[in-house]
Each structure stands twice: as C-alpha cells, then as structure tokens.
Amino acid sequence: MSATAFAVRPTSARQLAGTGVLLRFALRRDRVMIPLWVGVNALMVLSMPNTLKGLYGTPAERADLIGQMATNSSLRAMVGPVFGDSLGALTAWRVGVYAGALAAVAGLLVVVRHTRDEEESGRQEMVASGMVGRRASLTAALLAAAVANGALALLVTAGLAGQGAAGALAFGLGIAGVGMVFATTAAIVAQLTESARLARGLTAAVLGAAFVLRAAGDSATDDGSSALTWASPLGWLTNLRAFAGERWWVLGLLAGAALVQGAVAYALADRRDLGMSFLPSRPGPAAGRLGSAGALAWRLQRGSVLGWSIGFLLAGLVYGGMADGAADLLGDNEGAREIFERMGGESGLTDAFLAAMAGMLGLVAALYVVASVLRLHGEETSGRAEPVLAGSVGRLRWAAGHLAVAFGGSALLMLLAGAGLALGHGERTGAILGACLVQVPAVWVIGGVAVLLFGVAPGAARGAWGVAGAVLLIGWVGPALDMPRAVLDLSPFGHLPKLPGGEMAWAPVLVLTVLAVALVAAGLAGLRRRDLST
C-alpha cells in the first residue's frame, strides 16, 4: 500500500491501521499463555457439576446447604450466596467468583503485555515507525483479551449446556464480561503508569479491592443486595444469578463498564507521547542508597512483596475464621468430608480444613515465586541488566539479589499466612505456623524450575507459568475429582505431610529442599555459560 493511499484514508481508519497484523502477532506470542489460562479456568468450571452431584445428590442435602449458607456469613464472603438448588446454580455459586477473578487476571496480563510492556522494551517505538495507526496497539491488545474471554465463554457455555442452555450462556458471558472489564481497567492503568510492573500491580490491586467489596457485601446479606456487592464487578457476576432466574440486564452493566473504560483508555492514549505516562516515575531513590545488586533487587521488588504479604495475611485471617464454620456447614456430608480429607488429612474436619487452606495458600505462593524469579528475565530482555553487569557486579551476584527476594519472600508469605490463620482461628498458633511453613520447600521447587528455565533456556522461561498452573490445577481440582495418586504425586505439594493434625515427616521436606537447591544451582550454572539476550 502506498503512502499516498494511507494518507487519504479517513482519520479513524488511519488510527487503526495495522491492527490485524498486531493482533495476529499478539496471539502468536500468547499461543501458550492464553490457552493455558483459558483451559485451567474452563476445567475448573466444567469439573464442578459432577463434583457437586456427588456431594449434594439429594434435594434434602441441597436444601440443607442453602440453609447453612444463609446463616454462615464467613463462607458467603468467600464464595457468595446461593440462589438455586440445581447443579447449574450450585456450580455458579461455587466457582463463579474465582472463575471471574481468573478471567480478570488473564485479561490484565494480556493487555499490559501488549501495551506498556512493548513501550517499556522499546519495541513499540520500532513498530510505530511503520504504517501503524496510533490506536492499533491498544486495539490489538484488547482484541487479544476478547479472543481469550470469548473462547472461555464458548467452552463454559458448551460444557454447562446440559444444566440449562440459558443459564450456561449467561454464566459464560458473565465470566467473559468480568474478564473484559478488568482488561479495560488494565488499558487505563497502562496509560497512567510508566512501568509495566506497576501497571500489573495496580490493576491487580483494583481486582483485590473488587473481591474485598464483594466479600464484605455478601457477608452482610444472603441475597447479594448489599451496596458493596453491587460496587464490584465480581458482585455483578454473582447477581447475574445464572441458572436461577437469570438477570440478563446485569450483562449490560459489564458491557457498559468495559465500553466506558475502553473509551477512557483510548482518550488517554491519544493525549500522551509514546513511552510517556500521566504518572511518571521518580528519577531516582528519594531516600537511602543502592549500594549492591541485592539492594537494587529489593528496591525493584519491595512493592510486590508488600502487596503479596498483605494479601496472604488477610487471606489467612479469613480462612482461619472460617474453620469452625466450615465444619458446621459440612455436617454429615460424607462426600465433602472425603474431599477435605484428601486435601488436608484425616485427623479431624477442622484440622483437615486448616491443612487444606495452608496447602492452597502454598499453591498461590508458587505463583509469587515464579513471578519474582522471572523478574530476572524481564530485566535481561529489557536491557536494564546490561548496565548493572557492565560494572563490577557478576551474573551470580546480580541473580542472587533477585533470588533472595523470590525465595525469602515466599517463606515470608507462608509465615504471614500462618500468622493470619492462627489469629483467625484463635488456637494452636505453633501447629498452624508449622502447617504453613512446611509448604515452603514445595514452593521453592517451583521457583527452582523457573530458575532452571531462565538460566538454561531463557526463551522458554515463561513456561514456568505452565508448570505453576499445572501444579495449581492438580492441587485445586485433583482432590475433588479423586484423581489417581500417581497424578497427585506429580505435584511437589502432594508429598508434604498434612499439618496440622497429621504426623510430621521430615524426609519429603528434606528431599524437596535438596531438589530446589539442585534446580537453582543448575539454572545459575546455565546463566554463567550462556549469552545475554535482548
């Protein structure tokens, strides 16, 4: 196409020129991440009807569940109120909030990666030098998020159609709508901040605030009518009432929020220069000094550590307060008891619940350690590592600073989670702290895999997310589906003792610790031998 032809196009067409090419490129780059997030989310949702059928197979059991949820505010805060006794309605109740949150995380990661990440690395400047419209990159990023959410909606709708076509469609569109709301939130934040890391962190903080608002609202009322619930997009998904007299107009709220935020993102993008932001970063440290590679690593990651730490402490407090209520809710339901015993041991329902929650927090900590380790990969590919390594700092010292934050931070998270669980439960502080800290070696193994991939095959470093996702899926869905022991043992968490209540076994803890050390050593050895990538 000639430059003259390009010049005479309408203004709107010129601004979107090249969108199709950038979209195909974005989908090619995310050919692993998007299917992984969509697949994990869809499998979590679609596995639930059969699980719930085994747990609450009779009308009496379902009526008892609904009655218990009406009086149990702590559990409503975690999963929301129940609006119907069908398997579809129970599925929407049990996984709706978490499926929406996972869709939101996928949306924000995709949008930030293809907007602010590209600008921060300098690639966007090179792309913009061609015949590419001003809005093409943002549009391609939002379309990539729409493709991911559309695929998720299609899978959920098709998979749950047997429970009711209308409810399945509403639920699938609701989850996708939440994903797009936070994708457009990320698009706005990407215009405001100068750092992709900060953009992801701030959008994640908005998601966390949305969860807290919904939790507070649902704990106060048993019908989703609280103003706090309606203040959260996750609360809108709850109030969509899929499979329980669908409120189709709620989808209009999700669509309207996504459209308005998208318009704001475009308006902001039109008013700033490439690489700039409305909230520029400070030129240097306002206080203190960066006298070592470790201090620099801490400076770069301290905000992330603080955010995760607050989240784990609060989660521990909530789960600890739920322990006795969970025992009351399960009552004589043998199927539910068996699931918790597979997750947390057979020493007693309260102990099994606490052990299961400690294990779940350990699985989430594995996501932190992967993100923290891969900060090394981001520093290398962005070119920021070169000035550091050009001086007297060697590769191992540079990497050691980030790894200390990653591995030490994961131990801190589990310590805070244990403190929160103990405070929330109000009993047996030492036993609960031990239950959380025993998860640390398994978390470190996942971090060791990330170090190995970064050091030996940096092009495949992001595959560590796939490993963490697979482990999360096994730990989350495996016990509910009663997966074979051989499958559960693929996760390092499957070898840990079930505490509190169970017997402490030091052998698997030591083996996992040694394995983590070996993986880190192999990764660092690979880093010393290979060339730096840019």
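**Entry 1: R272**

I looked up R272 and found it buried, with a relative accessible area of 9%. The model is a predicted one, so I record these values as computed from a prediction. R272 sits in the loop between α16 and α17, the latter spanning 293-330. I then asked which side chain forms a polar contact with the side chain of R272. The partner is E119, at 2.6 Å. Because the cut-off for burial is under 20% relative accessible area, I enter R272 as a buried arginine at 9%.

**Entry 2: the chain as a whole**

I turned next to the overall make-up. The protein chain has 27 helices and 0 strands. Of its 534 residues, 49% are buried. I also noted how contacts are spread along the sequence. Among contacts with a separation of 6 or more, 75% are between residues 24 or more positions apart.

**Entry 3: the loop between α15 and α16**

I examined backbone angles in the loop between α15 (233-239) and α16 (249-270), where R241 is found. R241 has a positive phi of about 55° and is not a glycine. F243 lies in this loop between α15 and α16 as well. Its phi is also positive, near 65°, and F243 too is a residue other than glycine. I noted these angles because most residues other than glycine have a negative phi. I then asked whether F243 is buried or exposed. F243 counts as buried, at 12% relative accessibility.

**Entry 4: α8 against α11**

I looked up the packing of helix α8 (residues 87-113) on helix α11 (residues 136-160). Their axes come within 9 Å and cross at roughly 160°. Angles over 145 degrees count as roughly antiparallel, and therefore α8 is roughly antiparallel to α11. The crossing of α8 past α11 is right-handed. On the α8 side, the contact residues are T91, A103, G107, V110 and V111. On the α11 side, they are A141, L142, A144, A145, N149, L152 and L160. By class, the contact of α8 with α11 has 9 nonpolar, 3 polar and no charged residues.

**Entry 5: α11 against α16**

I followed α11 to its packing with α16, where the angle is about 155° and the axes are 10 Å apart. That angle makes α11 roughly antiparallel to α16. I recorded the crossing of α11 past α16 as right-handed. L138, T139 and L142 of α11 meet A265, Y266 and A269 of α16. The residues of this contact between α11 and α16 divide into 5 nonpolar, 1 polar and no charged. I note that L142 of α11 appears in the contact with α8 and in the contact with α16.

**Entry 6: α6 against α8**

I then took α8 with helix α6 (residues 59-71). The two pack at an angle of about 35°, and their axes are 12 Å apart. The crossing of α6 and α8 is left-handed. The contact is made by R62, L65 and M69 of α6 together with L87, L90 and W93 of α8. Which classes of residue occur in the contact of α6 with α8? I found 5 nonpolar, no polar and 1 charged.

**Entry 7: two residues of α4**

I looked up N41, which is placed in helix α4 (residues 33-46). N41 counts as buried at 2% relative accessibility. Setting aside neighbours within four places in sequence, I found N41 in contact with A99, L102, A103 and L152. Of these, A103 of α8 and L152 of α11 also take part in the contact of α8 with α11.

V45 lies in helix α4 too. I recorded V45 as buried, with a relative accessible area of 0%. Not counting residues up to four places away in sequence, V45 touches T91, V95, A99, V156, L160, F171 and I175. I also took the separation of V45 from A92: 47 residues in sequence and 8.3 Å in space, C-alpha to C-alpha.

**Entry 8: V189**

I closed with V189, in helix α12 (residues 165-192). V189 counts as buried at 9% relative accessibility. I asked which residues V189 contacts, leaving aside neighbours within four places in sequence. They are A199, L202 and T203. V189 and T203 are 14 residues apart along the chain, and their C-alpha atoms are separated by 6.8 Å.

Conventions:
Residues numbered from 1 in each chain as written. Predicted model: local features only at pLDDT ≥ 70, side-chain atom pairs only at ≥ 80, totals over all residues. Heavy atoms only, no water. Helix = DSSP H or I, 4+ residues; strand = E, 2+ residues; numbered from the N terminus. Buried < 20%, exposed > 50% of the residue type's maximum accessible area, 1.4 Å probe, protein only. Axes fitted to C-alpha atoms, helices over the stretch in contact; angles between N-to-C directions. Parallel < 35°, antiparallel > 145°, perpendicular 65-115°, else oblique. Left-handed = near helix turned anticlockwise from the far one by under 90°. Contact = heavy atoms within 4.5 Å. Nonpolar A, V, L, I, M, F, W, Y, C, P; charged D, E, K, R; others polar. Polar contact = N/O pair within 3.5 Å; in protein donor to acceptor, adjacent residues only side chain to side chain.
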